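Here is a walk through the structure, starting with a few individual residues and ending with the whole chain. Keep the view open while you read.

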Amino acid sequence: SKKRIAIIPGDGIGKEVVAIGVQLLETLREVRGYAIELVPFDLGADRFLRDGATFPADDQRTIRETCDAVLLGAIGDPRVPSLDYARDILFGLRFGLDLYCNVRPIQCLDDRLMPIKGKGAKDCDMVVFRENTEGVYVGVGGNFKKGTPDEVAITEDVNTRKGVERVIRAAFEFAVKHGRKRVLMSDKNNAMPHAHGLWKRVFEEVRGEYAGIESRHMYVDALCMQMVRAPETLDVIVTNNLFGDIVTDLGAALQGGLGMAASANIHPGRIGMFEPVHGSAPDIAGKDMANPLATVLTIGMMCTHLGFEGEEARLVEIVREAVRTGRCTRDVGGEMGTRAVGDWVLAQVRGS
Ligand code: NAI
Ligand code: MG
């Protein structure tokens, strides 16, 4: 049956990179014969400024009930100072679709993009599973005696056994499915014995079921050092929402920056929302300067989710070749514009 893909360009460079993404999906449909249907949604700052809508219930239902994947550009616009509309859309998708795994590959595709002295592209190939529905992001807490010298500010770190277990299990399942050898769980249970003690106990239980996978634990501060000192020792990493947010930005720096970082928000076996890690980049929006390669890699992840075997690996090789031969934007050492890089990628897909 036909796979339906919701298209949400959003704001700023989100529109520019998703325009390339849509062309790529249309080209893949034509060249490979994939049965896909693209369903555009008008969401983001333009829509909000026009009629005040953020993420209408109708759109949410259509996506939840009829789509297999979502391609999202980025949400965020300087004309809308309040972040409420962005939160409605992003959290509406992440929480509304219960996308509990935020999967972020940290793969350096060219030696020139590797910032660590003495290391090369081959030394950096990991995948982070960031828990995406719990932790400090759920907004539990409060400010007491607000604004006074005696103010106390509390944000609770909410972790449930079901929530922790399902993401740890997903990381192991991913390792098995993709032939990866090691899974590392990172937390700070020494400082946070209640919340992260749960992570430690659940990890101990689940790892026992995956005898073929080497598993270990590392505190998140040590992990940060390890990612820089010995990235080649890291493979699949699973961690909580906050730590995943932080370590994947460090990871983006190992890949060549935000223009190269892809991500998938998934509920395994169900719908997935796929987005480049970067935001709407108002500083370069509308200037044909945005790097579209993160979006190309993101569509690779979407293809894997939709069951189009082999496509992700082909797209990764095309992106690698783009960077190697300088068919890329300035942020990764080239001189081309967004659209020209996109055209080159499309030509490669036609020829491959
Ligand atoms: P950003 O990721 O948009 O930009 C950070 C820096 O990286 C900028 O200098 C930008 O020019 C550069 N950059 C980002 N993507 C690039 C690309 N593809 N090619 C070349 N250079 C690139 O983050 P920032 O500036 O903190 O946020 C801008 C807006 O985006 C804000 O409104 C923010 O809330 C929103 N945002 C949205 C996200 C989402 O939709 N998931 C994620 C992050 C930020
Ligand atoms: Mg972030």
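Lys-145 counts as exposed because just 10 C-beta neighbours fall inside 10 Å, and the cut-off for exposed is 12 or fewer. You'll find Lys-145 in the loop that links strand S6 (141–144) to strand S7 (152–155). Its phi is near 55 degrees, a positive value in a residue other than glycine. Bear in mind that this is a predicted model, so take the angles as computed from predicted coordinates.

Asp-98 makes a good companion to look at. Its phi is near 50 degrees, again positive in a residue that isn't glycine. Asp-98 sits in the loop between helix H4 (84–94) and S4. Is Asp-98 buried or exposed, or something in between? With 13 C-beta neighbours inside 10 Å, Asp-98 counts as partly exposed.

Next, the stretch around helix H7. Val-228 belongs to helix H7, which covers residues 220–229. Val-228 has 14 other C-beta atoms within 10 Å, so Val-228 is partly exposed. Past that helix, Thr-233 is placed in the loop between H7 and strand S10 (236–239). Thr-233 counts as exposed, because its C-beta neighbours inside 10 Å come to 12.

Now for two buried residues. Phe-41 is in the loop between strand S2 (36–40) and helix H2 (45–51). Loop or not, Phe-41 counts as buried, with 21 C-beta neighbours inside 10 Å. Which residues does Phe-41 contact once its neighbours within four places in sequence are left aside? They are Ala-6, Ile-7, Ile-8 and Asp-59.

Ile-63 is in helix H3, residues 57–66. It is buried, and the reason is a count of 23 other C-beta atoms within 10 Å. Leaving out residues up to four places away in sequence, Ile-63 touches Ala-6 and Val-70. Ala-6 turns up in the contacts of Phe-41 and in those of Ile-63.

Several of these residues can be paired with a partner elsewhere in the chain. Here are the C-alpha to C-alpha distances next to the sequence separations.

| Pair | Apart in sequence | C-alpha to C-alpha distance |
|---|---|---|
| Val-228 and Leu-250 | 22 residues | 8.6 Å |
| Thr-233 and Arg-182 | 51 residues | 9.2 Å |
| Ile-63 and Cys-101 | 38 residues | 18 Å |
| Phe-41 and Glu-214 | 173 residues | 43 Å |

Moving up a level, the domain assignment splits the protein into domain 1 (1–103 + 262–352) and domain 2 (115–255). Domain 1 is written as two segments, 1–103 and 262–352. The C-alpha centres of domain 1 and domain 2 are 25 Å apart. How many residues are in contact across the two? On the domain 1 side there are eleven, and they meet 13 residues of domain 2. Strand S4 (residues 101–107) gives the most to the domain 1 side of that contact, with three residues. By class, that side of domain 1 has seven nonpolar, two polar and two charged residues.

There's a ligand to look at too. Ligand 1 is surrounded by 21 residues, and the closest are Gly-76, Gly-259, His-278, Gly-279 and Asn-291. Sorted by class, the shell around ligand 1 holds eleven nonpolar, seven polar and three charged residues.

What does the record add? An unreviewed UniProt entry lists residues 4–345 as "domain: Isopropylmalate dehydrogenase-like". Over residues 4–345, the chain is 40% helix and 19% strand. The C-alpha atoms at the two ends of that range are 23 Å apart.

Finally, the whole protein. Its secondary structure comes to eleven helices and twelve strands. The radius of gyration is 20 Å, close to the 20 Å given by the globule rule for 352 residues, so the protein is as compact as a globular protein of that length. Along the principal axes, the C-alpha atoms fill a box of roughly 55 × 50 × 45 Å. Of the 352 residues, 43% count as buried. Among contacts with a separation of 6 or more, 73% come from residues 24 or more positions apart.

Note on methods:
Residues numbered from 1 in each chain as written. Chains lettered and ligands numbered in written order. Predicted model: local features only at pLDDT ≥ 70, side-chain atom pairs only at ≥ 80, totals over all residues. Helix = DSSP H or I, 4+ residues; strand = E, 2+ residues; numbered from the N terminus. Buried ≥ 20, exposed ≤ 12 C-beta atoms within 10 Å, placed from the backbone. Contact = placed C-beta atoms within 7 Å. UniProt positions renumbered as here; feature names shortened; annotations may be inferred. Near = placed C-beta within 6 Å. Nonpolar A, V, L, I, M, F, W, Y, C, P; charged D, E, K, R; others polar. Domains from an automatic or database assignment. Rg over C-alpha atoms; globule rule 2.2 N^0.38 Å.
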